Amino acid sequence: MTKFEAFSAWDATLKGEVAAQLNGSGIVSDEDGLGLSSTWIESWDEEFTEHLRNFGYTGGEINNVGKYFSHGAVYALYNEAKTTHLKAMAYIKKLADAGM
């Protein structure tokens with residue numbers, strides 16, 4: 001099973017929650033308690049974004065960020081229409097500083 005196939009088969013309600021968070025704050029991470037896999041975030045491309053549109057995503061291009069911290073790696077997706085790379089990096093640093 002490919003990463004996209006696994007994401008496609010993932011719970012529809014959770015995909016809706018990811019879409020809502022990206023539409024709202026513009027950022028969602030693998031540490032936000034939704035079950036979003038870091039491997040999906042790392043592999044994110046337009047195919048994932050278009051699939052997420054079926055679950056309510058209305059934003060712009062989705063990009064990813066990730067960094068290794070002392071507690072481990074943290075990854076996030078961000079909606080370019082809502083936020084920036086710098087803000088997404090600050091978001092994952094805040095999660096890491098909180099001890100995830």
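How many bridges join β2 to strand β3? Eight of them do, and the two strands run antiparallel. Keep in mind that what you're looking at is a predicted model. Let's walk through the sheet, then helix α4, then the cores, and finish with a residue in helix α5.

**The sheet**

- Three strands make up an open sheet, lined up in the order β1-β3-β2, with antiparallel pairing.
- β1 (27-29) and β2 sit at the edges, since each of them pairs on one side only.
- From one strand to the next, the twist averages 25°.
- Helix α5 (residues 85-97) packs on this sheet and touches β1, β2 and β3. The direction of α5 makes about 40° with that of β2.
- If you're wondering what holds such strands side by side in general, strands of a sheet pair through backbone hydrogen bonds, either parallel or antiparallel.

**Strand β3 and its partners**

- β3 covers residues 72-79, and seven of its eight residues are buried.
- On the β2 side, Tyr68 stands opposite Ala73 in β3, while Lys67 stands opposite Val74.
- Getting from β2 to β3 takes a hairpin through two residues.
- With β1, β3 pairs over three bridges, again in the antiparallel sense. Here you can find Val28 opposite Leu77 in β3.

**Helix α4**

- Look for α4 at residues 46-53, with Thr49 in it.
- At the N-terminal end, Asp45 acts as the cap: one of its side-chain oxygens lies 3.0 Å from the backbone nitrogen of Glu47.
- Phe48, Thr49, His51 and Leu52 are the buried residues in α4. Seen down the helix axis, they fall within an arc of 160°, so they line one face of α4.
- Here's the general idea to remember: an α-helix has 3.6 residues a turn, so residues three or four places apart point the same way.
- What covers those buried residues? The cover includes α1 (3-9), α2 (12-24), α3 (38-43) and β2 (62-69).
- Is Thr49 buried or exposed? Thr49 has a relative accessible area of 1%, and buried means under 20%, so Thr49 counts as buried.
- Leaving out residues up to four places away in sequence, Thr49 touches Trp44, Tyr57, Gly60 and Ile62.

**The nonpolar cores**

- As a general rule, in soluble globular proteins, nonpolar side chains tend to be buried together.
- The largest nonpolar core here has 18 residues. Phe7, Val18, Leu22, Leu36, Leu52 and Leu77 have the most contacts inside it.
- At least two residues of this core come from each of α1, α2, α3, α4 and β3. The largest share, three residues, is from α2.
- Leu22 is worth a look: beyond residues up to four places away in sequence, its contacts include Val28, Leu52, Tyr57, Ile62 and Leu77.
- There's also a second, separate core of 10 residues, and Ile27, Val74, Ala76 and Ile92 are among them.

**His85 in helix α5**

- His85 is found in helix α5.
- Why does His85 count as partly exposed? Its relative accessibility is 41%, and partly exposed covers the range between buried, under 20%, and exposed, over 50%.
- His85 touches Val65 and Tyr78, if you skip residues up to four places away in sequence.
- Ser8 sits 77 residues from His85 along the chain, and the C-alpha atoms of the two are separated by 26 Å.

Notes:
Residues are numbered from 1 along each chain as its sequence is written. This is a predicted model: local features need pLDDT of at least 70, side-chain atom pairs count only at pLDDT 80 or more; totals for chains, interfaces and linings use all residues. Side-chain values use heavy atoms; hydrogens and water are left out. Helices (H or I, at least four residues) and strands (E, at least two) are DSSP runs, numbered from the N terminus. Buried means under 20% relative accessible area, exposed over 50%, partly exposed in between (1.4 Å probe, protein chains only). Contact means heavy atoms within 4.5 Å. The arc is that of the directions from the helix axis to the C-beta atoms. A polar contact is a pair of N or O atoms within 3.5 Å; within protein, one must be able to donate a hydrogen and the other to accept it, and residues adjacent in sequence count only if both atoms are side-chain atoms. Two strands pair if DSSP finds at least two bridges between them. Axes are lines fitted to C-alpha atoms, for helices over the stretch in contact, and angles run from 0 to 180 degrees between N-to-C directions. A nonpolar core is a set of buried Ala, Val, Leu, Ile, Met, Phe, Trp, Tyr and Cys residues joined through side-chain atoms within 4.5 Å.
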